Amino acid sequence: MSATDPTPQGVPADAMRRLAELRPGQPGGLFTSDLSVNEFLLVREAGFRPIGLVLGSSIYHVGIQLGRWGKNQELTTLSQAMYHARELAMTRMEAEAAQLGADGIVGVRLSVEAREFGNDIAEFIAIGTAVKADSPAPGGNGSWRNAKGQPFTSDLSGQDFWTLIRAGYAPLGMVMGTCVYHIAHQKLGSVFSNIGKNVEIEPFTQALYDARELAMERMQNEAEELHAEGIVGVQLNAHNHRWGGHTTEFFAIGTAVRPLRDDHVIERPTMTLSLDG
């Protein structure tokens, strides 16, 4: 295998070698992290050691699927493409974390960037900091990994991660749902009849409602597969990408969590006085 050949997970061999050379916690070893100083210290306070910056990437050709001009409908081919591309990036990031022997990945950022290779090509990127727990998880088998035996993933900030652990919860994984939806054009008669009026455009309302619900439902299904108690930090975003105003992607993402113990103690907030004038 050459230096640029991918591993079975699609991770370049160069990346695996770089991770193997980190040797965090060993003499002469080091760790890498994109956490801020405050986040780094709070993650350490929560009982986890950052061991390496991990990432996954997928440059994906997103095909074209046309919707009927006057019909509200999901464009299932595009929905599947957007989900699969993100899943590839996430899986490769998790493979890098597994190479480091990580228990989880914190501060995950999942983004989409257009590339100049073509109007229908985008790079999907997942990046975060792999961490190792100082002690076993309370209860169960003591593992911090999720029900699938994979390192947990979380897009929570270092502060939120610390609060979650201290309150008796643990992240299981980032869960997501997507729906690319074609929103019907108004008929010419409806356009003219609405001129000068305050009136709801019901087909548009229903289309956006349906699309968001599909994205949310798919995110919840992923959480149920992980046996989560709930999802925190949910974000529901709309992206047009290159499809135009009547075709929109609704993307739901959050962190699925599980309880570590029956009692949940929330730290009392402390007041901080600034020394600045």
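Biologist: In which sense do strand β3 and β5 pair, parallel or antiparallel?

Modeller: This is a predicted model. Strand β3 covers residues 104-114. Two bridges link β3 and β5. Their sense is parallel.

Biologist: Which residue is the bridge partner of Gly-104 in β5?

Modeller: β5 spans 152-153. The partner of Gly-104 lies in that strand. It is Phe-152.

Biologist: What are the edge strands of the sheet with the order β1-β4-β3-β5?

Modeller: That sheet is open, with four strands and mixed pairing. An edge strand here pairs on one side only. That holds for β1 (48-61) and β5.

Biologist: Which strands does helix α2 touch?

Modeller: Helix α2, residues 37-45, packs on this sheet. Its direction makes about 120 degrees with that of β1. The strands touched are β1, β3 and β4 (121-133).

Biologist: What is the order of the open sheet whose pairing is antiparallel?

Modeller: Four strands form that sheet. β2 (73-74) and β7 (230-239) are its edges. The order is β2-β6-β8-β7.

Biologist: How many bridges join β7 and strand β8?

Modeller: Strand β8 holds residues 247-259 and pairs with β7 in the antiparallel sense. Within this pair, Val-232 stands opposite Thr-255 of β8. The bridges number eight.

Biologist: At what angle does helix α3 run to β6?

Modeller: Helix α3 covers residues 76-99. It lies across β2, β6 (169-182) and β8. Its angle to β6 is about 150 degrees.

Biologist: And which strands does helix α4 touch?

Modeller: Helix α4, residues 158-166, also packs on the sheet. Its direction and that of β6 make about 125 degrees. The strands touched are β6 and β8.

Note on methods. Residues are numbered from 1 along each chain as its sequence is written. This is a predicted model: local features need pLDDT of at least 70, side-chain atom pairs count only at pLDDT 80 or more; totals for chains, interfaces and linings use all residues. Side-chain values use heavy atoms; hydrogens and water are left out. Two strands pair if DSSP finds at least two bridges between them. Contact means heavy atoms within 4.5 Å. Axes are lines fitted to C-alpha atoms, for helices over the stretch in contact, and angles run from 0 to 180 degrees between N-to-C directions.
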